[in-house]
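Trainee: I am new to this structure and would like a close look at a single part of it. Could you take me through one helix and then show how its surroundings fit together?

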Amino acid sequence: MKRYEENFDKILQRIEKARIEVNEYNIVNIIAVSKYSSAYDIKDLYNIGQRAFGENKVQDLKLKALDLEDLPIQWHFIGRLQKNKINALLDLSPTLIQSCDSLELAKEINKRAKIKNISIDILLQVNSAKEENKAGVYPEYAIETYLNIQENCSFVNLKGIMSIGAHTDDKKEIQKSFEKTYYIFEKLKQNGAKYCSMGMSSDFEIAVKCGSNMLRLGSVIFK
Ligand SMILES: *Cc1c(COP(=O)(O)O)cnc(C)c1O
């Protein structure tokens, strides 16, 4: 048995169980969040089949991507993105920037992508639980902001939304925040939204039951 294999199998089984309870046909993507893990750990997980990894700092992504440049890893950016780091991030050709949290940031990304003549896939981050210390647009502005970005930013492709579940032990509250996110996602499907990225180590089963099709799992995988 390779390192992480047994643990990863258990996680896959838990996801399957939650998934089949609600919708047999929903494909759930797993992003392995490697922000607390080394390139060595990433390689071990890669060797059991995982391809998508998430980082929350541009500098860390850069170092790990360089270390692992021989492997066809799909990098997802999931952290707060400062404007002065956008160019560095775009140069790393991430698969998906999940944490675009405002129209303003989308415009900045668009401006730089335009100069580089590339297009970049992004998700709009929604602060569904309306927590002050969390990034993202409030749910009541999410659709308007999404459409605004689509209209004004032709070098970014919006692929859906991302949200972090309510920060509480109360499962009902967490579920409510996921339901709110999913409701927005459903409305945006007609505008091309494909991914509803929600669910982390402590709440991914609830997220899957609420319709998530992209989980961002860190500590539960790399423990
Ligand atoms: C760290 C992080 C995760 C993963 O967190 P875990 O609880 O370790 O699974 C997911 N999403 C975002 C935005 C993060 O910053």
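**A helix and its surroundings**

Mentor: Arg14 and Glu205 make a good starting point, since they form a salt bridge in which the closest N and O atoms are 2.9 Å apart. This pair links distant parts of the chain, with Arg14 in helix H1 and Glu205 in helix H8 (residues 204-209), 191 residues apart. Please keep in mind that the model is a predicted one. Neither partner of this bridge is buried, because Arg14 has a relative accessible area of 35% and is partly exposed, while Glu205, at 28% relative accessibility, also counts as partly exposed.

Helix H1 brings us to the part I would like to examine closely, helix H2, whose buried residues pack against helix H1 (5-22), strand E1 (29-33), strand E2 (52-55), helix H3 (58-67) and strand E3 (74-77). Helix H2 itself spans residues 39-46 and is mostly covered, with 6 of its 8 residues buried. The buried residues in H2 are Ala39, Asp41, Ile42, Asp44, Leu45 and Tyr46.

Two of these, Asp41 and Asp44, carry acidic side chains, and they are joined with Arg3 into one network by salt bridges that share partners. Asp44, which lies in helix H2, has a relative accessible area of 19% and is therefore buried, the cut-off being under 20%. When residues up to four places away in sequence are not counted, Asp44 touches Arg3 and Tyr4. In general, side chains of opposite charge can pair when their charged atoms come close.

Another buried residue of the helix, Leu45, leads towards the nonpolar interior, for Leu45 is among the contacts of Ile221. Leaving aside neighbours within four places in sequence, Ile221 is also in contact with Tyr4, Asn7, Phe8, Ile11, Ile30 and Ala32. Tyr4 thus appears on both lists, touching Asp44 and being in contact with Ile221. Ile221 is one of the residues with the most contacts inside the largest nonpolar core, which has 60 residues, and the others named with it are Ile15, Leu81, Ile109 and Leu217. Helix H7 (residues 171-188) gives the most to this core, with 5 residues. Apart from it lies another core, of 6 residues, among them Ile31, Ala52, Leu96 and Met214.

The neighbours of helix H2 can be followed through two further residues, one in helix H3 and one in strand E3. Ala65 has its place in helix H3, and its C-alpha atom is separated by 8.4 Å from that of Ala39, although the two residues are 26 apart along the chain. At 15% relative accessibility, Ala65 counts as buried. His76 has its place in strand E3 and is also buried, with a relative accessible area of 3%. The C-alpha atoms of His76 and Phe53 are separated by 6.0 Å, the residues being 23 apart along the chain. Not counting residues up to four places away in sequence, His76 touches Ile31, Ala52, Phe53, Gly54, Glu55, Leu61, Thr95, Leu96, Gln98 and Met214. Its partners Ile31, Ala52, Leu96 and Met214 are also named among the members of the core of 6 residues.

Returning to the charged pairs, a search of the whole structure finds 14 salt bridges. One of the pairs is Lys83 with Glu104, whose closest N and O atoms are 2.8 Å apart. Lys83 lies in the loop between E3 and helix H4 (86-91) and Glu104 lies in helix H5 (residues 103-116), so this bridge ties together parts that are 21 residues apart in sequence. Within helix H7, the side chains of Glu173 and Lys176 meet in a salt bridge of 3.1 Å, N to O, and because the two are 3 residues apart in that helix, about one helical turn separates them.

Helices H7 and H8 come together in one last feature, as they are the elements that give two or more residues to the lining of the largest pocket. This pocket has a volume of about 960 Å³ and is lined by 37 residues, of which Lys35, Lys134, Ile164, Met200 and Arg216 lie nearest its centre. H8, where Glu205 is found, gives the most to this lining, with 4 residues. The lining residues divide into 12 nonpolar, 13 polar and 12 charged.

How values were computed
Residues numbered from 1 in each chain as written. Predicted model: local features only at pLDDT ≥ 70, side-chain atom pairs only at ≥ 80, totals over all residues. Heavy atoms only, no water. Buried < 20%, exposed > 50% of the residue type's maximum accessible area, 1.4 Å probe, protein only. Contact = heavy atoms within 4.5 Å. Core = buried A, V, L, I, M, F, W, Y, C linked by side-chain atoms within 4.5 Å. Salt bridge = Lys/Arg side-chain N within 4 Å of Asp/Glu carboxyl O. 1 Å grid on protein atoms, 1.4 Å probe; cavity = no way out; pocket = protein on both sides within 12 Å on 5 of 7 lines; lining within 4 Å. Points joined across faces, edges and corners; volume = space filled by probe spheres on them. Nonpolar A, V, L, I, M, F, W, Y, C, P; charged D, E, K, R; others polar.
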